[in-house]
Amino acid sequence: MTETDMTAMDKKSLIEDRVNSGLRGQWYPVAKSVEVKASKPYGTRLLGEKIVLWRDAENRLRCVEDFCPHRGAPLSYGEIHEGNIGCRYHGVVVNGEGVVVRVPAMPECALEGRKALKSFEVREAGDAVFVYVPSAEQPEAPDLALPRELTDDAWTGFLCTGVWETNYRYALDNLADPMHGCYLHAESFTLAFGSKQDLMKLDKTDAGFRVSRIGQVGENFDWTEFEVHPGSMFCFLEIPYPPAAGPGGVFRIIGFVTPVDAATCKVFFWRMRRVSGLARDSWRFLYRARLEKTHWDVLEQDRVMLEGMPDDARKREMLYQHDLGVSRVRQILTRAAKSQVEAEMAAE
């Protein structure tokens with residue numbers, strides 16, 4: 001269907017579907033680095049597609065569709081053979097480019113040498129594995145833009161991940177909504193303080209935007225900043241820490257949200273502090289020994305609340321002034337989806 005043949009309603013529906021399923025032309029974190037091994041495949045889903053990752057003989061990350069070209073069995077159930085992945089069902093071996101390299105049950109099989117599967121660009125950073133999903137307008141992967149905290153040795157922290165049974169859009173909305181902290185997380189160790197009334201403001205930044213409370217700074221989860229780069233979007237925020245939380249100043253959280261499918265997402269949160277020397281070791285020990293559970297408790301509150309919302313909540317919601325950040329995130333997603341849909345139509 002060309003744009004000439006398509007009605008405005010058809011196009012709007014395609015754009016909405018793209019937003020809902022997840023943007024293409026993006027780098028997404030899909031796993032912790034330690035989860036992807038040279039000894040065993042790692043299967044997951046990304047934008048509704050099943051993919052499988054592993055490390056080859058040189059420890060390079062590889063990623064292809066999780067589909068054996070013979071009969072469709074999951075390659076993630078298989079084994080690694082000399083850096084390639086072998087299907088458990090009939091032993092067919094595929095390399096990291098998606099080419100069939102061996103059919104052990106039938107020597108000189110015509111399948112050998114054929115590229116049968118899509119392969120994906122993979123990068124490793126900040127203890128996480130990122131996969132690039134190409135789009136019609138950006139088929140080649142751009143550089144992976146990262147928060148400076150993940151590339152600066154002055155910062156140290158921990159990566160935590162979780163699978164939430166909700167559309168990724170609601171996880172992003174939650175991050176763009178600082179006002180929920182003093183209500184949903186009112187009984188937590190770090191978010192139990194601050195006023196429950198305020199107004200919000202939205203400021204444009206060089207790479208995105210910041211949404212923040214007008215009347216309160218440094219008491220609670222009072223602001224979030226989003227950065228939007230070619231091929232990636234992430235956010236960061238700060239949680240004021242009392243002296244009992246040990247050395248290192250503010251507690252910074254870096255957030256990425258990965259669409260698994262239309263009803264599921266995977267969140268990646270790096271919990272970071274700028275601290276060095278003995279204080280660095282002290283804080284890392286304190287975090288593991290005493291603080292980590294409280295942060296998991298906060299994430300659970302978010303997860304439970306978002307999973308309890310209906311999939312189509314946005315169709316009946318009534319936004320108000322506090323939702324400036326939510327509206328801006330949605331505008332960014334919609335503009336990007338519109339551009340991708342139009343590029344695909346032009347390529348037909």
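How many salt bridges does the structure hold? The count is 27. The model is a predicted one. Side chains of opposite charge can pair when their charged atoms come close.

**Salt bridges**

One of the salt bridges links glutamate 344 to arginine 18, with 2.8 Å between the closest N and O atoms. Glutamate 344 belongs to helix α5 (residues 324-347) and arginine 18 to helix α1 (residues 8-21), so the pair ties together parts that lie 326 residues apart in sequence. Arginine 18 has a relative accessible area of 14%. Because buried means under 20%, arginine 18 is counted as buried. Its partner, glutamate 344, is at 25% relative accessibility and counts as partly exposed.

A further salt bridge joins the side chains of arginine 60 and glutamate 58, at 3.2 Å from N to O. Arginine 60 is partly exposed, its relative accessible area being 45%. Glutamate 58 has a value of 54%; exposed means over 50%, so glutamate 58 falls in the exposed class.

Arginine 123 and glutamate 121 form another salt bridge, and their closest N and O atoms are 3.2 Å apart. Both residues are partly exposed: arginine 123 has 37% relative accessibility, and glutamate 121 has 39%. Elsewhere, salt bridges with shared partners join Asp56, Glu58, Arg60, Arg62 and Glu97 into one network.

The three pairs described above are set out here.

| Salt bridge | N to O distance | Relative accessibility |
|---|---|---|
| Glutamate 344 and arginine 18 | 2.8 Å | Glutamate 344: 25%; arginine 18: 14% |
| Arginine 60 and glutamate 58 | 3.2 Å | Arginine 60: 45%; glutamate 58: 54% |
| Arginine 123 and glutamate 121 | 3.2 Å | Arginine 123: 37%; glutamate 121: 39% |

**Strands β2 and β3**

Strand β2 covers residues 42-46, and its side chains alternate between two faces. On one face are Tyr42, Thr44 and Leu46, which are buried. Gly43 and Arg45 point to the other face and are not buried.

Strand β3 covers residues 49-55 and runs antiparallel to β2, with five bridges joining the two. Threonine 44, one of the buried residues of β2, stands opposite isoleucine 51 in β3. The two strands form a hairpin, with two residues between β2 and β3. In the turn, leucine 47 has a positive phi of about 50°.

Definitions and conventions. Residues are numbered from 1 along each chain as its sequence is written. This is a predicted model: local features need pLDDT of at least 70, side-chain atom pairs count only at pLDDT 80 or more; totals for chains, interfaces and linings use all residues. Side-chain values use heavy atoms; hydrogens and water are left out. A salt bridge is a side-chain nitrogen of Lys or Arg within 4 Å of a carboxyl oxygen of Asp or Glu. Helices (H or I, at least four residues) and strands (E, at least two) are DSSP runs, numbered from the N terminus. Buried means under 20% relative accessible area, exposed over 50%, partly exposed in between (1.4 Å probe, protein chains only). Two strands pair if DSSP finds at least two bridges between them.
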